[in-house]
Amino acid sequence: MSDSDLSPTGPPPPPPAPPAAQPTNGLGVASLVLGILSILLFFSVVPPFILGGLAVIFGIIGVSKAGQGAPHKGLAIAGLVCGAIGIVAAIAFIALVVTTGEVVTNFTYTISPAG
């Protein structure tokens, strides 16, 4: 064996570069979470309007960010739809409670008591 076989041929190769950071769409994810919460809490009067409103706003911003290259456009759209459903469900629930309450207060017996 000669000395040239034992000597290193050069420095070791550098470690691979970390993957490039991908843009995120946190508003799309936040929109979906808030939209689901607004649907789950439709029976409480105030939270679905706040959560649903924020879900719709964040969903619109998330969809516009997705148009600029951010991922998760589907999550932003789903959050927007869930927020709108939560608001509509809360309005329907309030209407149901108001009309049912009116029916109950105006209830009269139609059968006369036996006696």
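## Overall layout

A helix here is a DSSP run of H or I with at least four residues, a strand is a run of E with at least two, and both are numbered from the N terminus. This is a predicted model. The protein chain has four helices and zero strands. Along the sequence, the pattern reads α-α-α-α.

The chain holds 115 residues, and 18% of them are buried. Its accessible surface comes to about 8300 Å². Carbon and sulfur atoms account for 75% of that surface. Among contacts with a separation of 6 or more, 76% join residues 24 or more positions apart.

## Helix H2 and the loop before it

Helix H1 covers 3-6 and helix H2 covers 26-40. Gln22 sits in the loop between them. Is Gln22 buried or exposed? Gln22 counts as exposed, because its relative accessibility is 66% and the cut-off for that class is over 50%.

H2 has 15 residues. From first C-alpha to last, H2 reaches 21 Å, close to the 21 Å expected at 1.5 Å a residue. The buried residues of H2 are Gly28, Ser31, Leu32, Leu34, Gly35 and Ser38. Gly26 also belongs to helix H2. Gly26 is partly exposed, with a relative accessible area of 46%.

## Helix H3 and its buried side

Helix H3 covers 47-67. What span should its 21 residues have? At 1.5 Å a residue, the expected value is 30 Å. The end C-alpha atoms of H3 are 30 Å apart, so the model agrees with the expectation.

Seven named residues of H3 deserve a look: Pro48, Leu51, Gly52, Ala55, Gly59, Gly62 and Ala66 are buried. They cover an arc of only 95° around the axis, which means they sit on the same side of H3. An α-helix has 3.6 residues a turn, so residues three or four places apart point the same way.

## A nonpolar patch on the surface

Which residues form the nonpolar patch on the surface? They are Val45, Val46, Phe49, Ile50, Leu54, Ile57, Ile61, Ile91, Ile94 and Val98. Together they have about 820 Å² of accessible area. Two elements give two or more residues to the patch: helix H3 and helix H4, which covers 73-105. The largest share, five residues, comes from H3.

Phe49 is one of the patch residues. Phe49 lies in helix H3. Phe49 is partly exposed, with a relative accessible area of 32%. That value qualifies Phe49 for the patch on accessibility, because patch residues need over 30% relative accessible area.

## The turn from H3 to H4

Just after H3 comes Gly69, with a positive phi of about 115°. His72 also has a positive phi, of about 65°, although His72 is not a glycine. His72 is found in the loop between H3 and H4. Its side of the story on exposure is intermediate: His72 is partly exposed, with a relative accessible area of 42%.

Three pairs link this stretch of sequence to earlier residues. Gln22 and Ala70 are 48 residues apart in sequence, yet their C-alpha atoms are 8.1 Å apart in space. Gly26 and Pro71 are separated by 45 residues in sequence and by 9.5 Å, C-alpha to C-alpha. His72 pairs with Val29, 43 residues away along the chain, at a C-alpha separation of 7.8 Å.

## Leu80 in helix H4

Leu80 is found in helix H4. Leu80 is partly exposed, with a relative accessible area of 26%. What does Leu80 contact, leaving aside its neighbours within four places in sequence? Its partners are Ser31, Ala55, Val56, Gly59 and Ile60.

Among these partners, Ser31 is a buried residue of H2. Ala55 and Gly59 are among the buried residues of H3. Leu80 also pairs with Leu54, 26 residues away along the chain, and their C-alpha atoms are separated by 9.0 Å. Leu54 is one of the residues in the nonpolar patch.

Technical notes
Residues are numbered from 1 along each chain as its sequence is written. This is a predicted model: local features need pLDDT of at least 70, side-chain atom pairs count only at pLDDT 80 or more; totals for chains, interfaces and linings use all residues. Side-chain values use heavy atoms; hydrogens and water are left out. Patches are made of residues with over 30% relative accessible area and no salt bridge: like charges are joined within 9 Å, nonpolar side chains (Val, Leu, Ile, Met, Phe, Trp, Tyr) within 5 Å. Accessible areas come from the Shrake-Rupley method with a 1.4 Å probe; for residues, only the protein chains shown count as cover. A salt bridge is a side-chain nitrogen of Lys or Arg within 4 Å of a carboxyl oxygen of Asp or Glu. Buried means under 20% relative accessible area, exposed over 50%, partly exposed in between (1.4 Å probe, protein chains only). Contact means heavy atoms within 4.5 Å. The expected span of a helix is 1.5 Å times one less than its number of residues. The arc is that of the directions from the helix axis to the C-beta atoms.
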